[in-house]
Amino acid sequence: MQVVREAAAVRVARAMARPCGWCGRWRGRAGGAGDGAAVRVVRAVLGIDVRRLTLPSDSCLLSIVNGNRKGRAMVALRPTRAPALGDQLAGVLRDQIVRRTLTAGTHLVEDTLAAEYDVSRGPVRDALRQLESQGLVESRRRGYFVVGLTQEDIDDLYELREAIELVAVAKAMERVTADQVKAGRAIVQEMTACADRSAAAEFADADMRFHALLYEMSGNRRLIDVWKSYEPVFASIIQLTVEEDVDLHPSAGDHGHLIDLLEGNDPEALRTELRDHLGGARARMARAVQALNEAADSGQAS
């Protein structure tokens, strides 16, 4: 058991001040008020003091712990090339902006962010420039400030997405291959499995990959470029909307139906299904935004 603990400690230590090497998600420092289940489990089960470490994501760390319990080899499935720190930090800040943790008007100070996330100012600048290009922050004389994401912004984003995705699926219907259909069905199966265990974060990731595949099926490079420029924002939005669903199975079924229609010969039915699908996502996001606003108003009142 001591060897197992030491092996786990090495893997946790390698994650210090870096994104998770297993899944790429950023973890804040352990030991503060924000400690999650993974921090508590690694303390209780492995007996490791992780108060000064930046941990892998909860799901990956819990997988390590479960692997220890079952006596499996401690093999780290690391990507060959980790995402850039600026990209990772942009993702963290983007989620906080979408969730109203960072409210409109908040001043984002480079030195403060660099110290908080234990990175140099270079990745902070990269992250802020990304967020500015996505319309979530703006540069002023005194630095960067949060613009936020209003309901009007969300409506604009979904109108844009509907316009380009309708073109994408129309093109895809003309040229989709058997391998692409197979890949789409594999993602739907993955989404169903996520729904079975109520894994909202993994479901959202699969959802994004499914829609990215639709653009790839279209073969239109310009459409793909437009999608990629807004994909990070939609990733944060989708993460929030799937948390609105008590049961994720209907959404998985909707994606399966889209694949069925892509193989068919009824373009109008496909367009109608996609409009309904995106309309439902927009409605869920509207409810999530309303809940966040009400929570913010309640916090201010108290």
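**Rings, charges and a three-stranded sheet**

R140 lies over the face of F145, with 4.3 Å separating it from the ring centre. This contact, like everything that follows, is read from a predicted model, and it offers a convenient way into the sheet. The residue R140 falls within β2 (137-140), which is one of the two edge strands, the other being β1 (107-108), and each of these edge strands pairs on one side only. F145, for its part, is found in strand β3 (residues 143-146), which pairs with β1 in the antiparallel sense over two bridges. Within that pairing, F145 of β3 is the bridge partner of H107. Taken as a whole, the sheet is open and has three strands in the order β1-β3-β2, with antiparallel pairing. Across β1, β2 and β3 lies helix α6 (residues 121-133), which runs at about 110° to β2.

A second charge placed over a ring leads from the sheet to the helices: the charged end of R161 sits over the ring of F234, 5.1 Å from its centre. How many aromatic pairs does the structure hold? A search of the whole structure finds three. In one of them, F234 is joined with Y158 in an edge-to-face arrangement, the centres being 5.5 Å apart and the planes standing at 80° to one another. Because Y158 belongs to helix α7 (residues 151-175) whereas F234 belongs to helix α10 (residues 221-242), the pair ties together parts that are 76 residues apart in sequence. Y158 has a relative accessibility of 1% and therefore counts as buried, and F234, at 2% relative accessibility, counts as buried too.

Another pair also involves helix α10, here through W227. Y215 and W227 are stacked, with 4.9 Å from centre to centre and 15° between their planes; an angle under 30 degrees is what places a pair in the stacked class, so the arrangement of these two rings is named accordingly. Since Y215 lies in helix α9 (residues 200-218) and W227 in helix α10, this pair ties together parts that are twelve residues apart in sequence. Both Y215 and W227 are buried.

The two pairs described here are not to be read in isolation, for Y158, Y215, W227 and F234 form one aromatic cluster. Within this cluster, F234 is also the residue whose ring carries the charged end of R161 over it.

Notes:
Residues are numbered from 1 along each chain as its sequence is written. This is a predicted model: local features need pLDDT of at least 70, side-chain atom pairs count only at pLDDT 80 or more; totals for chains, interfaces and linings use all residues. Side-chain values use heavy atoms; hydrogens and water are left out. Rings of Phe, Tyr and Trp (its six-membered ring) pair if their centres lie within 6.5 Å; planes under 30 degrees apart count as stacked, over 60 as edge-to-face and the rest as tilted. Helices (H or I, at least four residues) and strands (E, at least two) are DSSP runs, numbered from the N terminus. Buried means under 20% relative accessible area, exposed over 50%, partly exposed in between (1.4 Å probe, protein chains only). A charge sits over a ring if NZ of Lys or CZ of Arg is within 6 Å of the ring centre and within 35 degrees of the ring normal. Two strands pair if DSSP finds at least two bridges between them. Contact means heavy atoms within 4.5 Å. Axes are lines fitted to C-alpha atoms, for helices over the stretch in contact, and angles run from 0 to 180 degrees between N-to-C directions.
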